[in-house]
Amino acid sequence: MNPPPPLSTWARNVAPSPTLAIDAKAKAMKAAGEDVCGFAAGEPDFDTPSFIKDAAIAALQAGQTKYAPTPGIEPLRVAVAERYAADYGYQISSSQVVVSPGGKFSCYLAVLAVCSPGDEVIVPAPYWVSYPEMVKLAGATPRFVLSDDSTAFKLTPAQLEAAITPRTRLLILCSPSNPTGAVYTRAELRALADVCVKHNLYVLSDEMYEHLIYDGHEPVNFATLGPEVAERTITVAGFSKTFAMTGWRLGTLVAPLPIAKAVSELQSQMTSNATTFAQFGALAALKEKAQAAAAIAAMKTAFDRRRKFLHAALNNIPGITCQLAGGAFYLFPNISSFGLKDVDFCARLLEQEKVAAVPGSAFGAEGYLRLSYATSDAVLQKGVERLARFCATLKK
Ligand SMILES: *Cc1c(COP(=O)(O)O)cnc(C)c1O
């Protein structure tokens, strides 16, 4: 009997998301009754604010159960355009906005819209796990540029310049960063933007964590660094992290009109629209400004408290050094002094102490851990105690 033919090169070459895999393993252990401390999750531990849920429920009850226009319901596209004008002075029309089923999908469509097979994409490492896979699924090649904790995990203009070839089409930036929490300053972004303009690159600016920013850091919208920057920038943001709406699957993309149109056309053949009634929840999140601001402020206060606690606790563990990152909800401690591969470190940590953490190598940076502090204070406290006990056994 003939075996069936092999699967496609896409299917065989795609790496499943390691962060989702580790989180799934931790959740399975928990479901089996084990006392697991999860630092692996990439989502807020809060519930979606009820005014947002209410708006989606009302839309559902009112019969918003049909296909919506591919790029999103018009009032939401208008609200997104208005909020970029209010937040950053970025003047765009609603036709430049595309609403997609999740910011992850927005990023993927952005890559597909500007990259052809044979193109190269510069992906600064540590990177969000999905970028390299998206680039490969577009037939392009990721070129990694590694920054370590000596430069606060930030790509420098010189590094960028050195990585550019005639085939480079796109730079993917993420600030505040998942996985490191690093926040680029306006001046640092402007210096990178100059290089991108000089070499005529597109930029995918992933601003998913724009509202989760601490210590007085300023959120910067990359596109507003200049008209010639706006012409080549695709901004992705969304609701998942800001409003604790990960399960709703809603993301936003803003781009120059030709790109926005291409993204919408790609989406029309891939998924049609983002869930119609969910978009009405997102509309409330943007329209009910006072309630939205209160909800964000409450979550941010909790994240900031946990960030400071975790940072201090990690630096108290002999052998670990950790920078105080200014954004998102991750810290990225250096564990290289233990002389253990980070994958082995994480596997043993989960086995011995039931603490789930993601190894830095999943993000292209061996020798680190990504710890999410989007978890309760009690779990954080218990988790770092266990981590300290684990590290003490390694030191012997
Ligand atoms: C969470 C995340 C996204 C996408 O989130 P969605 O849930 O798909 O909206 C995109 N980029 C980064 C860096 C993220 O951490």
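**Exercise 1.** Where does the ligand sit?

*Solution.* This is a predicted model, where local features need pLDDT of at least 70, side-chain atom pairs count only at pLDDT 80 or more, and totals for chains, interfaces and linings use all residues. Residues are numbered from 1 along each chain as its sequence is written, and side-chain values use heavy atoms, with hydrogens and water left out. The ligand sits in the largest pocket.

**Exercise 2.** Describe the shell around the ligand.

*Solution.* Start with the count: 14 residues surround the ligand (one heavy atom within 4 Å of it). Gly 103, Asp 206, Tyr 209, Lys 241 and Arg 249 come nearest. Next, sort the shell by class: six residues are nonpolar, four polar and four charged.

**Exercise 3.** Find polar partners of the ligand, then its buried share.

*Solution.* Take the backbone first. A polar backbone atom of Gly 103 lies 2.7 Å from an oxygen atom of the ligand. For Lys 104, a polar backbone atom is 2.8 Å from a ligand oxygen. Now the side chain: an N or O atom of Asp 206 is 2.6 Å from a ligand nitrogen. Finally, the area: alone, the ligand exposes 380 Å² (Shrake-Rupley method, 1.4 Å probe). The protein buries 94% of that.

**Exercise 4.** How do the domains of the protein chain meet?

*Solution.* First, the bounds: domain 1 covers 9–48 + 292–394, and domain 2 covers 64–288. Their C-alpha centres are 25 Å apart. Then the contacts: 40 residues of domain 1 touch 39 residues of domain 2 (heavy atoms within 4.5 Å).

Notes
A polar contact is a pair of N or O atoms within 3.5 Å; within protein, one must be able to donate a hydrogen and the other to accept it, and residues adjacent in sequence count only if both atoms are side-chain atoms. On a 1 Å grid over the protein atoms alone, a cavity is a set of points where a 1.4 Å probe fits but cannot get out, and a pocket is an open set with protein on both sides within 12 Å along at least five of seven lines; lining residues have an atom within 4 Å of a point. A molecule sits in a cavity or pocket if more than half of its atoms lie within 2 Å of its grid points. Ala, Val, Leu, Ile, Met, Phe, Trp, Tyr, Cys and Pro count as nonpolar, Asp, Glu, Lys and Arg as charged, and the others, Gly among them, as polar. Domain bounds come from an automatic or database domain assignment.
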